[in-house]
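Reader: I'm new to looking at protein structures and I'd like some help reading one. Could you walk me through it, feature by feature?

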Amino acid sequence: MKYMSEYRDPELAKKYLEEIKNTVSRPWSIMEVCGGQTHSLVKNGIIDMLPDKVTMIHGPGCPVCVTPLNLIDKAVFLALEKNVILCSFGDMLRVPGSQKSLLEAKAEGADVRVLYSPLEAVKIAQDNPDKEVVFFAVGFETTAPANALSVVHAHRSGVKNYAILASHVLVPPAIKAVIDDEESKIDGFLAAGHVCTIMGNTEYHPISATYKVPIVVTGFEPLDVLQGILMVIRQLEQSKSEVENQYARIVREEGNPEAQKVINEVFEIRNQMWRGIGEIPDSGYAVRKKYEAYDATKKYEVNIEEAPENPKCISGQIMKGIKKPFECSQFGKTCKPTNPLGAPMVSSEGACAAYYHFSGMVEA
Amino acid sequence: MSDNKNLRMQLQCPMPQLDFDVITLGHGSGGVLTNKLLDSGVFDLLKNDILEERHDGAFLELNGKTAFSTDSFLVSPIFFPGGNIGELAINGTVNDLAMCGAIPKYLSLSFIIEEGLPVKEFWEILVSIKIACENAGVQVVTGDTKVVEKGKGDKIFINTSGIGTIHPKALIGSRNIKVGDKIIISGNMASHGMAIMSVREGLEFDSEIQSDTTNLNHSVSNLIDKFGSAIHLLTDPTRGGVATVLKEIAQSTELGIDIFQKDFPINDQVASACELLGLDPLYVANEGLFIAFVSASEANAVLKTLQEDEKGKNAKIIGSVVDAHPKQVILESAIGGKRVVSMLPGEQLPRIC
């Protein structure tokens, strides 16, 4: 905590804010890619503290939000119809599928469990040999090593009743997709610090160079975010477009090679569907053939048809930064955290839910 | 909490010699087995003149305005760091009465037990109930026991109802809250919820986080003795945490509330555990904590009195009542930003990263 409190020092925050105000000379739009940063911005009231010329755009960086509808339907089906213990990270449980969420499936009697590590799921599989155990392996590059490790561990331990339902999304291709969208006008990016802890910064250099955008790898504490914003603005004001590392206390240029090794052992890169956005090339992980016995989509027969998204939900535009949550006609009216039309209203990291909870746009 | 532990070690309550190790459906039948369970355990342990009457209800004498409250307790696991469901059930209703400005006197105690509960565990719960009653100065005067089939309960559910007479100097009610009132919190936030989570989810933190379950009636009574009508409202932020309680009050009074994150009392380990799991301590459940709305002129004196009490040693003023932004709770973050505090749409779930 002492360590964390240093990154919440109000005096230092004021200094950064002053410096941001003194540096910015014209309007800039900066996207924080990660939902954790969106959460930090709104939870700490930073958005209203920034000068009017700085507009923060909330990116697609909530893996819970972008998990395809069809995959949630599959998870619900497995939990309800098969002899499955469905294990998941907590915030996946409330995300609505086309019919119901995992939380609703749990209420109907499905064995759905919240875990903090996929290795716990392997243990559950060992303890319940008469059941199939499926871990809903959702996340960015950040959670991929642990999910991959669970597969390797199950394989080495001879655990046959374990599989993962993988929905990993990768950040660099998402940044490219956002920049490539004709409607989006983003001047600079805060890249997700946690992701770079694993993958390093190297993937960002070609993006920054090609698209001429500053990318600052940024942490999640309030001072991290403020410093990241200042670094982006300094580059923009000086017409620079480089990759900088605000989160140097954690992130190394090469990332974590051991974690990358286990990811590559289990996963290969594939095209990935992003809920609300669509397919982005090379933006996800699929389980390699070597481990397909642990791939829930191959192991179990699950024929769930693709269901359409709610047409009134503009989550794709919100996640690409084209629109703000309050520009949606449904925001806070038909779409609330208690009755979400789309995923960004569900996860606490989702831009819509974060606005709803924290910005005071709507009465609870 | 710690005094409970010491008492438990001193208490000479050996488990009675019984010819059964687990509770079965027969123990809820009302027949021989029920009597065996009650006679050898509950009645002996919790004995008092009113309970000894063994009638269908209790005969009580109460003078003056009376508060009446009920609550049901279901917690998994039933034993957790710092307590168990038994003391929780006593403290919970005692505290509900205390929040009304009442001096709790008599409780009812009803068990719904799942078939298969080890008698040893039931006994341990009963002993905790006895100690909690002694600490709070209340008596169990009537009760009930039912047993449900295996799989139809979660080991044990407890309902307690309680009555107590209103303290003669108490003038408690949300209509008494005024602009300018200070909001005092009696101790560290979020300990109970995180203690439960640490065992329920199999999380192992470096240091054990303890539930804050305890009775608050003596502390509250002391404050009302000294400050009377300067205490405008008392409330305990149990489920839904501090945020939910404050939001409810703002909505019902149509007043605004400002709170300051820098002033929140919270144990370092609890704060770290919340960070780790992505949970906001403002929404995490408490058990041995109360929030007092106090007139501004007396707030510092109330705080000082509270801090002299072992249970209130970490008390802090965390905010005040304002006429700006009616019905809304506004939090000033540690770095000086402001945001609205809303109610949770459902259970708080740990974030993915």
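Author: Happy to. Keep in mind that this is a predicted model. Let's start with a pair of charged side chains: A:R275 and A:E309 form a salt bridge, with their closest N and O atoms 3.2 Å apart.

Reader: Where do A:R275 and A:E309 lie in chain A?

Author: A:R275 is in the loop between β10 (267-274) and β11 (278-287), while A:E309 is in the loop between α14 (296-299) and α15 (315-319), so the salt bridge ties together parts that are 34 residues apart in sequence.

Reader: Is A:R275 buried or exposed?

Author: A:R275 is buried, because its relative accessible area is 5% and the cut-off for buried is under 20%. Its partner A:E309 counts as partly exposed, at 32%.

Reader: Which residue does A:R252 form a salt bridge with?

Author: With A:E254, and here the closest N and O atoms are 3.8 Å apart. The rule asks for a nitrogen and an oxygen within 4 Å, so this pair counts. A:R252 is partly exposed at 46% relative accessible area, and A:E254 is partly exposed too, at 42%.

Reader: How many salt bridges are there over all chains?

Author: The count comes to 23. One of them links the side chains of A:R8 and B:E275, at 2.6 Å from N to O. A:R8 sits in the loop between α1 (2-5) and α2 (10-23) of chain A, and B:E275 belongs to helix α9 (residues 268-277) of chain B, so this pair joins two chains. B:E275 is partly exposed, with 30% relative accessibility.

Reader: Which residues are linked in a network with A:R8?

Author: A:E221 and B:E275: together with A:R8 they make up a network of salt bridges.

Reader: Let's move to the backbone. What should I look for there?

Author: Start with the general habit: most residues other than glycine have a negative phi, and most peptide bonds are trans. Then look for the exceptions. A:S239 is not a glycine, yet its phi is positive, near 55°. You'll find A:S239 in the loop between α12 (222-237) and β9 (243-245) of chain A, and it counts as exposed at 68% relative accessibility.

Reader: What is the phi of B:H325?

Author: About 35°, which is again positive in a residue that is not a glycine. B:H325 is placed in the loop between β11 (316-322) and β12 (329-332) of chain B. With a relative accessible area of 24%, B:H325 is partly exposed.

Reader: Where is there a cis peptide bond?

Author: Between B:S76 and B:P77, where omega is about 0°. B:P77 lies in the loop between β1 (66-73) and β2 (79-80) of chain B.

Reader: Now the strands. How do I read those?

Author: Strands of a sheet pair through backbone hydrogen bonds, either parallel or antiparallel. Take strand β8 (residues 215-218) of chain A. It runs parallel to β7 (residues 188-192) of chain A, joined by 4 bridges, and A:A192 has A:T218 as its bridge partner. β8(A) also runs parallel to β9(A), with 3 bridges; there, A:I215 is partnered by A:V243.

Reader: Which way do the side chains of β8(A) point?

Author: A:I215 and A:V217 point one way, A:V216 and A:T218 the other way, and all are buried. Follow the chain and you get a β-α-β unit made by β8(A), α12(A) and β9(A), which is left-handed.

Reader: What is the order of the strands in the open sheet of chain B?

Author: The 7 strands run β8-β10-β7-β11-β9-β12-β13, with mixed pairing. β8 (231-235) and β13 (338-341) stand at the edges with a single partner strand each, so one side of each has no neighbour in the sheet. On average, neighbouring strands of this sheet are turned by 25° against each other, ignoring direction.

Reader: In which sense do β8(B) and β10(B) pair, parallel or antiparallel?

Author: Antiparallel, over 4 bridges, with β10 covering residues 291-294 of chain B. In that pairing, B:L234 is matched with B:A292.

Reader: Which strands does helix α10 of chain B lie across?

Author: Helix α10 (residues 299-308) lies across β7 (182-185), β8, β10 and β11 of chain B, and runs at about 5° to β7(B).

Methods. Residues numbered from 1 in each chain as written. Chains lettered and ligands numbered in written order. Predicted model: local features only at pLDDT ≥ 70, side-chain atom pairs only at ≥ 80, totals over all residues. Heavy atoms only, no water. Buried < 20%, exposed > 50% of the residue type's maximum accessible area, 1.4 Å probe, protein only. Pairing = 2+ DSSP bridges. Right-handed = clockwise from strand over helix to strand, strands pointing away. Axes fitted to C-alpha atoms, helices over the stretch in contact; angles between N-to-C directions. Contact = heavy atoms within 4.5 Å.
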